[in-house]
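Biologist: Please take a close look at the interior of this chain, and put it in the context of the whole fold.

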Amino acid sequence: MGLIVKPGKALKGEILMPGDKSISHRSIMCAALAEGDSVIRGFLKGEDCLATLNAFSKMGVNIDQHDKEIVVHGVGLQGLKKPDSDIYLGNSGTSMRLMSGLLCGQSFSSTLKGDVSLSTRPMKRIVTPLTTMGANISSSNGGCPPLEINPSEKLKAFSYELPIASAQVKSCLMFAGLYADGPVVIKEKIQTRDHTELMFKKFGIHVSIEESKGLKEIHVLPPKSMDAANINIPGDFSSAAFFVLAALITPGSDLTLMNIGINKTRIALLEVLKEMGADIKLSNVSNEYEPCADISIRASELKGITLNPKLVPNLIDELPVLFIAASLAEGQTIIRGAEELREKESDRLEAMSNSLKLLGVKFKIYDDGIDIQGLNQEVNTSNSDMPFEASHINSFGDHRIAMTSAIACTRANDKSYIEDTKNVTTSFPNFLEICEEVGLDIK
Ligand code: S3P
């Protein structure tokens, strides 16, 4: 499966994005473990989140799917049932890492499997601390899935400093903490996305955040039970990022993305793009339990920057988008501290260097980053003077590489092809419909 991309014209209008992927996963997990019914609006019906949903159905949780909302009939912390076969989580690292934490607290065994990409992703980062807590979990093939989880004595109270900035590892341990015999404290040097902290609070779990010796400490007190909660999931900032990019690099664009999650641990891309000269404005800011806003973007001339490596965890999924923005900027952009890009659905440093080469961009790749020499696109460039070379790009089965490359190719001088794009449906099932809505020709 692939995409055919034709050169695009100015993007206009107001559009909605699908629900946030990270929040959708967590909403199912918490609602399943709560007492009573939770109504979730804006749930992302992408394959990754459906993998989480199906896993809980398999463990005896009844979930009604309606057009605009889903209703999860929670079974309580001790109410999950042993699945009758292995749990298959497709491409979804978030499902596997977060669910492992809570499955280590169950009185039944489970096996978690994934597709070819997930089967090569590192799991030692969760297996090691879970084992220290007393969990009985093992990985295969040098620390990769499948994961085998067996019942253990009660998990122990535990304090752990994250060796890598990973919200998935932090959240895994927070879910395990629900089943511990005392408080679990997770310390992070650089704050990663805090959706689990916010969601736990919403479901009545005692979570406190403290600062000590330059570290952020997340304290979770194991609850006796969890309250049900109704959740409104905002539009996914990481999906919005593709259209922020498209509007920014396409002369004449003026686009508004409505009701997007603007949790500050997620939107470093906006700060960085603004520093590069982007015309981006937020309006209608609201703060339910996760902050939201409308994001308006106009085509802008950009300047290269040196990225502060501390921002990397807060734009990790948007780095491919930043690479393309940097490719059209004036001057050089320097990105370091991004070695985690190599551990995603593909090695995103390699995958993006392949895309950039084909698009005609000059760059130098490092173990943990890249230097990109911008092509200096002026904002009033006419369509007869497109900056990128028409290309035939492999996405390596990675949804974010596929969508980033497709948006880049709307600024190529002829028709382009993106290969192996089936996994776009893992995070953004209506990507092509939205492209059509804003006037992009991607089929
Ligand atoms: C996620 C955390 C990030 C991100 C992933 C989703 C989450 O991974 O890349 O797409 O929902 O917690 P890491 O925290 O492992 O970097």
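What percentage of the contacts in the chain with a separation of 6 or more comes from residues 24 or more positions apart?

Modeller: This is a predicted model, in which local features need pLDDT of at least 70 and side-chain atom pairs count only at pLDDT 80 or more, while totals for chains, interfaces and linings use all residues. Residues are numbered from 1 along each chain as its sequence is written, and side-chain values use heavy atoms, with hydrogens and water left out. The figure is 76%, a contact being heavy atoms within 4.5 Å. The largest nonpolar core (buried Ala, Val, Leu, Ile, Met, Phe, Trp, Tyr and Cys joined through side-chain atoms within 4.5 Å) holds 78 residues. Helix H7, residues 237-249, gives this core its largest share, 11 residues. Phe-243, Leu-257, Leu-273, Leu-307, Leu-319, Leu-322 and Phe-323 have the most contacts inside the core. Beyond its neighbours within four places in sequence, Leu-257 touches Ile-15 and Met-17, then Ala-240, Phe-243 and Val-244, and finally Ala-293, Asp-294, Ile-295 and Ile-297. A separate core of 70 residues includes Tyr-160, Leu-173, Val-207 and Ile-233. Over the whole chain, 60% of the 443 residues are buried, that is, under 20% relative accessible area with a 1.4 Å probe, protein chains only. The secondary structure consists of 13 helices and 22 strands, taken as DSSP runs (H or I, at least four residues; E, at least two). The C-alpha trace spans about 65 × 45 × 40 Å along its principal axes.

Notes: Buried means under 20% relative accessible area, exposed over 50%, partly exposed in between (1.4 Å probe, protein chains only).
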